[in-house]
Amino acid sequence: MRKILIVGAGQAGLQLALGLQGRGYEVTLMSNRTADEIRDGRVMSTQCMFDTALRHERDLGINFWEEQAPRIEGLGVSVAAPDASRPIDWVGRLDGYAQSVDQRVKMAGWMETFAERGGKLVIHGVAVSDLDYFSRAYDLVLVAAGKGELVSMFRRDASRSPYEAPQRALAVAYVHGLGPRPEHPDFLAVRCNLVPGVGELFVMPTLTTSGPADILFWEGVPGGPLDVFQGVKDPEEHLRLTLDLMRQFTPWEYDRARSVELTDANGTLAGRYAPTVRQGVAELPSGGLVLGVADVVVANDPITGQGSNSAAKCAASYLESITERGDQPFDGAWMQSAFDRYWRIAEPVTKWTNAMLAPPPEHVLQLIGAAGGLQPVADRFANGFNDPADYEQWFFDPELAAAYLGEVQAGQAAQPAQPAQSAQSA
């Protein structure tokens, strides 16, 4: 039986550990926190997983919270004007619903499941010197811990990393008591509120430790009016700032947030990081090799909500690469091929995310505006969050965008007249 070590117990590390465990591998999982410490700790993310990522969990039978988590059936975009009005507001419908489960709930539950199924769970912080030993004791070592010393082993790939500094200051609050969006009270949607030159507010339904809730997530341009959360330690002050900024920049979202309360004292998070792509394989001081997983090697800004989705896709890709290897050694050439296979999935995500961090070109503004009157455009934009590779066909290139809009407009004109219906209520 082949012995595999996974360092890090996030979405990718745990999903991969459970997948390998189910296929008969001897898996050791190392985490610097226990399940209880994770469950009782601070929120870690703003995850919203779309259909493909959710199917990877279903394939492994680890979608334990699917019946409890809110079903997200749409993705909407609003654009704020300088006077805080809302000239653009629409919602696209998802082909398959999305869901968000607080990683404190999911990671703690998966960790306990892994141990209950006979996996070896080691609670211990890991240093590079530890990996030197482990690389000799295991057939394969994977690093899925996305922060700290271990990540620094993987060299930054400058050709794939256009940004050297953080592009957004991030601030998260998990809340109870958010009212429904009046434009679509009959279904739930992630709402993307764009404030040009200032940042973005994302609002998403989730399942947390205390039941269904919502996430209020500000992404602020560094040094701008949203960049005010650094150093704020008091959760209530964090929430007050969040709401004050909503009142100022997105009053339509503030109107339904007037009565919200934090889900718990650990329901806030703030920080920033530079989006970075790294080399997929790292060499240890002893000469041993380790393979990087998910955001250890491809860390995108959360502006496109792809972190947990990419982690799930990376775990699924690596699971297949490992299984297909059979009894052959997990050498450097194989590690590189496994990363390259994942990069084919990750590259469109990185291209799209980096594009969304920059000021939008004119043709993108036209697409976003047109989606308000052309439901197929709104729907296609929304479903791109599940399959970012589709944006290559119509979103990035001005000529492709114009041709696509022309096709949709022609198709709409050729349809028989229908009773008037707004995009918001579609």
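## Strands E6 and E15 within the open sheet

In this predicted model, strand E6 (residues 140-143) and strand E15 (residues 289-292) run parallel and are joined by two bridges. Within this pairing, Val143 of E6 has Gly292 of E15 standing opposite. Both strands belong to an open sheet of six strands with mixed pairing, whose order is E5-E2-E1-E6-E15-E14. The edges are taken by strand E5 (120-123) and strand E14 (281-283), and because each of these has a single partner strand, one side of each is left without a neighbour in the sheet. On average, and with direction ignored, neighbouring strands of this sheet are turned by 25° against each other.

## Helices that pack on the sheet

Helix H1 (residues 11-22) packs on this sheet, where H1 touches strand E1 (3-7), strand E2 (26-31) and E6, and the direction of H1 makes about 160° with that of E2. Helix H10 (residues 332-357) lies across E6, E14 and E15, and runs at about 5° to E15.

## Nonpolar cores

In soluble globular proteins, nonpolar side chains tend to be buried together. The largest nonpolar core here holds 66 residues, of which Ile6, Leu131 and Tyr318 touch the most other members. Helix H10 supplies the largest share of this core, with seven residues. Leaving aside neighbours within four places in sequence, Tyr318 is in contact with Leu16, Leu142, Leu291, Gly292, Val293, Ala338, Phe339 and Tyr342. Apart from this core lies another, of 42 residues, which includes Phe50, Trp90, Tyr163 and Ala401.

## Strands E3 and E4 and the loop between them

Strand E3 (residues 72-79) pairs with E4 in the antiparallel sense, over seven bridges, and the bridge partner of Ile72 in E4 is Ala98. Strand E4 (residues 88-98) is largely enclosed by the rest of the structure, because eight of its 11 residues are buried.

The loop between E3 and E4 contains Ala84, which has a positive phi of about 70° although it is not a glycine. With a relative accessible area of 19%, Ala84 is buried, although this value stands against a cut-off of under 20% for that class.

## A second residue with positive phi

Most residues other than glycine have a negative phi. Ala294, like Ala84, departs from that pattern, since the phi of Ala294 is positive at about 55° and that of Ala84 is positive at about 70°. Ala294 lies in the loop between E15 and strand E16 (298-299), and counts as buried at 5% relative accessibility.

## Gln103 in helix H4

Is Gln103, a residue of helix H4 (residues 103-116), buried or exposed? At 12% relative accessibility, Gln103 counts as buried, because the class covers values under 20%. When neighbours within four places in sequence are left aside, the residues in contact with Gln103 are Gln11, Ile38, Met44, Ser45, Gln47, Ala108 and Ser308.

## The second largest pocket

The second largest pocket has a volume of about 550 Å³ and is lined by 31 residues, of which Leu194, Glu200, Met356, Ala358 and Pro360 lie nearest its centre. Two or more lining residues are given by each of E3, strand E8 (188-195), strand E9 (199-208), H10 and helix H11 (362-370). Among these elements, H11 provides the largest share of the lining, with four residues.

Definitions and conventions: Residues numbered from 1 in each chain as written. Predicted model: local features only at pLDDT ≥ 70, side-chain atom pairs only at ≥ 80, totals over all residues. Heavy atoms only, no water. Pairing = 2+ DSSP bridges. Axes fitted to C-alpha atoms, helices over the stretch in contact; angles between N-to-C directions. Contact = heavy atoms within 4.5 Å. Buried < 20%, exposed > 50% of the residue type's maximum accessible area, 1.4 Å probe, protein only. Core = buried A, V, L, I, M, F, W, Y, C linked by side-chain atoms within 4.5 Å. 1 Å grid on protein atoms, 1.4 Å probe; cavity = no way out; pocket = protein on both sides within 12 Å on 5 of 7 lines; lining within 4 Å. Points joined across faces, edges and corners; volume = space filled by probe spheres on them.
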